[in-house]
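Q: Can you walk me through this one? I'd like the fold, then the DNA side, then any pockets.

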Amino acid sequence: MEPSFFERVYRLVRQIPRGRVASYGQIAALLGHPQAARTVGWALNALRGSEVADVPWQRVINSAGRISISRADLGADLQRALLEEEGVAFDARGYVDWKRFGWAGLEWREIEGLWGDVKI
DNA sequence: GCCCTGACTGCTA
DNA sequence: TTAGCAGCCAGGG
């Protein structure tokens with residue numbers, strides 16, 4: 001069974017190492033859909049209960065290097081706090097420096113492996 | 001199966 | 001990493 005797009009997003013996001021950040025567009029591109037950034041955001045928006053603790057959603061920000069969130073329960077403040085706790089720094093304007101904290105992503109082969117060895 | 005929405009992005013001015 | 005706008009994808013109703 002092929003994992004759903006949401007499921008792929010979650011697995012890939014789990015690969016982002018502590019202290020690094022990736023953009024929605026980057027995640028989408030790694031999944032083979034460079035234009036599906038919004039869908040990635042929606043996938044994270046759909047996280048519920050235990051999934052929230054299981055997926056490092058806070059490591060995903062917009063392409064500008066800024067936090068872009070609108071949920072009431074999981075606010076931008078929380079996201080920023082979680083990231084700072086991991087060592088990610090924000091400048092005075094609230095931007096993260098991609099050069100310092102950006103995630104390089106994975107090799108295509110590694111990504112394929114994420115779908116293969118797991119049963120759905 | 002159609003229509004709307006959304007934690008986005010790249011292009012233009 | 002300026003602001004504004006249209007395009008893109010997957011789910012949910």
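A: Here is a quick tour in that order. One note up front: this is a predicted model.

Q: Fine. How many helices and strands are in chain A?
A: Chain A has seven helices and two strands.

Q: In what order do the elements of chain A run?
A: Starting at the N terminus, the order is α-β-α-α-α-β-α-α-α. The radius of gyration of chain A is 14 Å, close to the 14 Å from the globule rule for 120 residues, so chain A is as compact as a globular protein of that length.

Q: And what does the C-alpha trace span along its principal axes?
A: The trace of chain A spans about 45 × 30 × 25 Å.

Q: What share of the residues in chain A is buried?
A: Of the 120 residues in chain A, 42% are buried.

Q: On to the DNA. Which residues come nearest to strand B?
A: There are 17 residues around DNA strand B, and Y24, R38, N62, S63 and S68 come nearest. Of the strand B atoms within 4 Å of the protein, sugar and phosphate account for 50%.

Q: What does the side chain of R38 sit 2.7 Å from?
A: A base nitrogen of DNA strand B. The atom on the R38 side is a side-chain N or O.

Q: Which atoms of S63 and S70 lie by a phosphate oxygen?
A: For S63, a backbone N or O atom lies 2.7 Å from a phosphate oxygen of DNA strand B. For S70, a polar side-chain atom lies 3.1 Å from a phosphate oxygen of that strand.

Q: Which elements give two or more residues to that surface?
A: Those are α2 (24–30) and α3 (37–45). The largest share comes from α3, with six residues.

Q: How do the residues near strand B divide by class?
A: Six are nonpolar, nine polar and two charged.

Q: Switching to pockets. How much space lies in the largest pocket?
A: About 250 Å³.

Q: What lines it, and which residues lie nearest its centre?
A: The largest pocket has 13 lining residues. Nearest its centre are Y24, G41, N45, S68 and I69. Y24 and S68 are also among the residues that come nearest to DNA strand B.

Q: Which element gives the largest share of the lining?
A: That is α3, with three residues.

Q: And what is the lining like by class?
A: The lining of the largest pocket has seven nonpolar, five polar and one charged residues.

Technical notes
Residues are numbered from 1 along each chain as its sequence is written. Chains are lettered from A and ligands numbered from 1 in the order in which they are written. This is a predicted model: local features need pLDDT of at least 70, side-chain atom pairs count only at pLDDT 80 or more; totals for chains, interfaces and linings use all residues. Side-chain values use heavy atoms; hydrogens and water are left out. A residue is near a molecule or strand if one of its heavy atoms lies within 4 Å of it. A polar contact is a pair of N or O atoms within 3.5 Å; within protein, one must be able to donate a hydrogen and the other to accept it, and residues adjacent in sequence count only if both atoms are side-chain atoms. Helices (H or I, at least four residues) and strands (E, at least two) are DSSP runs, numbered from the N terminus. Ala, Val, Leu, Ile, Met, Phe, Trp, Tyr, Cys and Pro count as nonpolar, Asp, Glu, Lys and Arg as charged, and the others, Gly among them, as polar. On a 1 Å grid over the protein atoms alone, a cavity is a set of points where a 1.4 Å probe fits but cannot get out, and a pocket is an open set with protein on both sides within 12 Å along at least five of seven lines; lining residues have an atom within 4 Å of a point. Grid points are joined across faces, edges and corners, and a volume is the space filled by probe spheres set on the points. The radius of gyration is taken over C-alpha atoms; the globule rule is 2.2 Å times the number of residues to the power 0.38. Buried means under 20% relative accessible area, exposed over 50%, partly exposed in between (1.4 Å probe, protein chains only).
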